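I opened this notebook page to record how the sheet is put together and what packs on it. The entries follow the order in which I looked things up.

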Amino acid sequence: MSNDEFRAALSRLAAGVVLVTAQEPPLEEDGRGEDVGMTATAFMSVSLDPPLVMVSLRNDSRMDDLLAEQPLWAVSVLAQSQRQIAGRFAMKGRISDRLLFEDIPCTRGDATGALLMGGALATLECRTEQRVPAGDHMLVIGRVLTASLPSSDGEPLTYFKGRYRQLG
């Protein structure tokens, strides 16, 4: 089986789209670290008791490197209306994350300090419990510290056959 065949087969699995965020440790004691964000479709619930979720990160990606040293992170479950945000944080060779967050309404999570997207269907703040190497990815399992539903309206943003889609 080729990589292309494997990718084509799994593109038939519809997935929800999330934005994973974390804050880099500050360079100076009294400063604030840079906010980092990454679009992900490989995100899932793992356990109800204790509340655990998992995200799959490409090895040596900026987010993988950051979460190897920063145990606190957040997830915003994106709404269909947030397609542009998903695309913005999925771009290769993109501009700095600071500029990407510039015009997006968000709040800072109390438990993690990570940014939570305004208008998201749900937000979760997490602390890494376990990191599991899996081929060319790292599976990061996080304990959910907080969960909220900032927007009760809207449909989920989904990804299917290599494109963002809407339900129905």
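The entries below concern the strands, their pairing and the helices on the sheet.

Entry 1, the model. I note at the outset that this is a predicted model.

Entry 2, strand order. I looked up how the strands are arranged. Seven strands form an open sheet, with the order β3-β2-β6-β9-β10-β5-β4 and antiparallel pairing. I then asked which strands stand at the edges. They are β3 (35–40) and β4; each has a single partner strand, so one side of each is left without a neighbour in the sheet. From one strand to the next, I found that the twist averages 35°. As background, I recall that strands of a sheet pair through backbone hydrogen bonds, either parallel or antiparallel.

Entry 3, β2 and β6. I examined the pairing of β2 (residues 18–23) with β6 (residues 72–77), which is antiparallel and runs over four bridges. Opposite valine 18, I located valine 77 in β6.

Entry 4, helices on the sheet. I checked what helix α2 (residues 62–69) touches: this helix packs on the sheet against β2, β3, β5, β6, β9 (122–134) and β10 (137–148). The direction of α2 makes about 50° with that of β2. Helix α3 (residues 83–90) also packs on the sheet, where it touches β2 and β3. I recorded an angle of about 105° between the direction of α3 and that of β3.

Entry 5, β4 and β5. I turned to β4 (residues 43–47) and β5 (residues 52–58), which run antiparallel and are joined by four bridges. How many residues does the hairpin between β4 and β5 pass through? I counted four residues in that connection. Serine 47 has leucine 52, in β5, as its bridge partner.

Terms used: Residues numbered from 1 in each chain as written. Predicted model: local features only at pLDDT ≥ 70, side-chain atom pairs only at ≥ 80, totals over all residues. Heavy atoms only, no water. Pairing = 2+ DSSP bridges. Axes fitted to C-alpha atoms, helices over the stretch in contact; angles between N-to-C directions. Contact = heavy atoms within 4.5 Å.
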